[in-house]
Amino acid sequence: MIDRECQKLDDKQLVALSLEDSQYFYCLMKRYEDKLSAYVHRFLFLSPDDVDDIVENSFIKAYEHLNDCDCDLKFSTWLYRIVHNEAINFFKKSRASFQVSLPEDNENFVNWLVADTDIEKETIALHQGQEIKKILNQLKPEYKDVLVLKFFEDKDYQEISDILQKPMGTVATLISRAKIQFKKIYEKK
Amino acid sequence: MKKNKKSLSDQVLQNIQKRHLRPIPKWEFLAKNYLLWLLYLLSIFIGGLAFSTLIYMFKSNDWDLYYFPYFWLLSLLLFIAFAYFIFSKTKKAYRLELPKIILFAFFLSLALGSLLSFFNLGQKFDSLLAKDLPLYRQVAPMKTQVWTNPSAGRLSGTITQIISPNSFELTDFSGNQWTVDIQKAIIRPSIDISLGQEIKITGLLQGDVFVANEIKPWSGRLSN
């Protein structure tokens with residue numbers, strides 16, 4: 001019954017109801033669990049169990065901090081922020097490998113690469129997937145962070161700023177520097 | 001064993017119910033937020049007070065280069081740093097660049113300090129600290145202390161006896177008497193070497209005699 005009811009409600013309404021009844025929070029979790037698991041999997045090279053642990057801890061933290069949910073942000077942005085921070089904490093504690101896992105469709109990323117660099121689309125197409133992944137994994141963690149959010153999670157600059165809690169100008173600079181570094185590494189290869 | 005992803009939400013819900021977890025009450029977050037802003041405003045205010053006292057110390061020392069109120073400058077910088085630290089803990093602070101946050105706190109303190117200075121609050125604060133804190137004057141000396149330091153080449157007081165055309169007796173503000181040799185001294189035009197004149201002197205203590213380099217009026221600006 002609640003499932004059907006949940007479908008008609010937006011995130012904000014579900015948050016308000018979750019404060020009274022945790023069943024509504026279940027609806028929020030169902031809405032985001034796959035997306036968040038995929039996000040964690042994308043930028044940390046972890047086993048499915050570890051990914052689940054991070055997402056679980058994030059949901060519990062989110063539930064406990066529901067009253068602190070920033071009304072100016074989208075709920076999903078706030079949730080991504082929690083997951084990102086949990087993932088970083090996990091990475092620091094376990095010294096997990098900070099490696100990217102690419103989705104099959106990375107056309108956005110390729111188009112971005114081609115836009116301002118000398119790298120031709122055909123060249124990238126030849127070496128797509130593994131090669132891009134190798135280079136991405138050589139980038140600094142803060143560069144990978146923004147690239148994953150921008151091109152694989154489809155977040156805009158404001159959302160990335162809110163997730164990473166960095167000024168928008170800094171986000172833009174990081175993306176720009178990531179491109180430069182990517183190009184340098186690509187050309188060396 | 002791989003966890004079934006579809007049951008992740010079920011597990012979390014079970015966990016929440018088993019551990020009787022509840023959302024942290026809103027008032028706790030509000031209280032933390034208000035406290036942060038209160039601390040921020042307090043830091044700005046104290047920074048402003050430090051600046052107004054700094055202005056007072058400069059003024060009371062006739063904007064003299066022999067004295068720089070380092071203590072109050074450091075206090076100002078410390079409270080601005082603290083204000084920045086507190087601000088960085090607020091919810092939306094990350095949207096602003098670091099230099100902007102610091103500059104904003106700095107100019108806010110300066111503006112407030114200038115306003116407090118207009119109402120002589122710097123002087124009152126200085127007097128209050130001098131009265132209640134025994135060591136305060138060691139870090140923020142008054143003009144008389146700065147200018148009663150013959151071993152450092154600074155002397156001040158009232159001319160109490162003319163000994164000769166090139167020397168006179170000076171009684172400092174602590175009541176001590178000094179013989180001052182002015183043979184090679186630069187005497188500011190506004191100075192009249194006569195009994196009762198209050199002056200400040202830079203020079204060198206040689207034995208019992210203070211050999212003056214420059215004689216300036218006790219009150220007023222350095223250059224005239």
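Two residues are in contact here when heavy atoms of each come within 4.5 Å. With that in hand, let us walk through this predicted model, beginning with a residue in a loop of chain A. Gln138(A) sits in the loop between α8 (130–136) and α9 (141–152) of chain A. Setting aside its neighbours within four places in sequence, Gln138(A) is in contact with Ile185(A) and Lys189(A). Is it buried, exposed or partly exposed? Gln138(A) counts as partly exposed because its relative accessibility is 44%, and the partly exposed class lies between 20% and 50%. For a sense of distance, Gln138(A) and Arg31(A) are 33 Å apart, C-alpha to C-alpha, and 107 residues apart in sequence.

Now step back to chain A as a whole. Chain A has 11 helices and zero strands. Of its 189 residues, 50% are buried. Among contacts in chain A with a separation of 6 or more, 63% are between residues 24 or more positions apart. On the outside, chain A exposes about 9,300 Å², and carbon and sulfur atoms supply 47% of that area.

What lies inside? The largest nonpolar core has 61 residues, and those with the most contacts inside it are Phe25(A), Leu36(A), Phe59(A), Phe75(A), Phe109(A), Leu136(A) and Phe182(A). Helix α3 (residues 22–43) of chain A gives the most to this core, with 11 residues. Phe59(A) is a good place to look around. Leaving aside neighbours within four places in sequence, the contacts of Phe59(A) include Phe25(A), Met29(A), Tyr32(A) and Leu36(A), and also Leu8(B) and Val12(B) from chain B. There is also a second, separate core of 27 residues, which includes Tyr40(B), Ile44(B), Ile55(B) and Phe58(B).

Aromatic rings make a handy trail through chain B. Over all chains, the structure holds 20 aromatic pairs. One of them joins Trp37(B) and Phe87(B) edge-to-face, at 5.7 Å centre to centre and with 85 degrees between the planes. This pair links distant parts of the chain, with Trp37(B) in helix α2 (residues 26–60) of chain B and Phe87(B) in helix α3 of chain B, 50 residues apart. The two partners fall into separate accessibility classes: Trp37(B) is partly exposed at 35% relative accessible area, whereas Phe87(B) is buried at 12%. Trp72(B) and Tyr136(B) form another edge-to-face pair, 6.1 Å centre to centre with 65 degrees between the planes. Trp72(B) lies in helix α3 of chain B and Tyr136(B) in helix α6 (residues 136–139) of chain B, so this pair ties together parts that are 64 residues apart in sequence. Here both rings are buried, Trp72(B) with a relative accessible area of 5% and Tyr136(B) with 4%.

Some aromatic residues gather in a group: Phe58(B), Trp63(B), Phe68(B) and Tyr70(B) form one aromatic cluster. Two members of this cluster, Phe68(B) and Tyr70(B), also belong to a nonpolar patch on the surface, together with Leu74(B) and Leu77(B). The patch has about 430 Å² of accessible area in total. Tyr70(B) is found in helix α3 (residues 70–87) of chain B, and counts as exposed because its relative accessibility is 57%, where exposed means over 50%.

Finally, turn to the charged side chains. A search of the whole structure finds 13 salt bridges over all chains. Which residue of chain A does Arg95(B) pair with in a salt bridge? The partner is Asp162(A), with the closest N and O atoms 2.9 Å apart. This bridge crosses between chains, from the loop between α3 and α4 (98–118) of chain B to helix α10 (residues 157–164) of chain A. Arg95(B) is partly exposed at 35% relative accessibility, while Asp162(A) is buried at 4%.

Within chain B, Asp62(B) and Lys200(B) meet in a salt bridge at 2.8 Å, N to O. Asp62(B) is in the loop between α2 and α3 of chain B, and Lys200(B) is in strand β5 (residues 198–206), 138 residues apart. Both Asp62(B) and Lys200(B) are buried. Another bridge joins Arg188(B) and Glu214(B), at 2.2 Å, N to O, and both of these residues are buried too. Through shared partners, salt bridges join Asp62(B), Lys143(B) and Lys200(B) into one network.

Key: Residues are numbered from 1 along each chain as its sequence is written. Chains are lettered from A and ligands numbered from 1 in the order in which they are written. This is a predicted model: local features need pLDDT of at least 70, side-chain atom pairs count only at pLDDT 80 or more; totals for chains, interfaces and linings use all residues. Side-chain values use heavy atoms; hydrogens and water are left out. Patches are made of residues with over 30% relative accessible area and no salt bridge: like charges are joined within 9 Å, nonpolar side chains (Val, Leu, Ile, Met, Phe, Trp, Tyr) within 5 Å. Accessible areas come from the Shrake-Rupley method with a 1.4 Å probe; for residues, only the protein chains shown count as cover. A salt bridge is a side-chain nitrogen of Lys or Arg within 4 Å of a carboxyl oxygen of Asp or Glu. Helices (H or I, at least four residues) and strands (E, at least two) are DSSP runs, numbered from the N terminus. Buried means under 20% relative accessible area, exposed over 50%, partly exposed in between (1.4 Å probe, protein chains only). A nonpolar core is a set of buried Ala, Val, Leu, Ile, Met, Phe, Trp, Tyr and Cys residues joined through side-chain atoms within 4.5 Å. Rings of Phe, Tyr and Trp (its six-membered ring) pair if their centres lie within 6.5 Å; planes under 30 degrees apart count as stacked, over 60 as edge-to-face and the rest as tilted.
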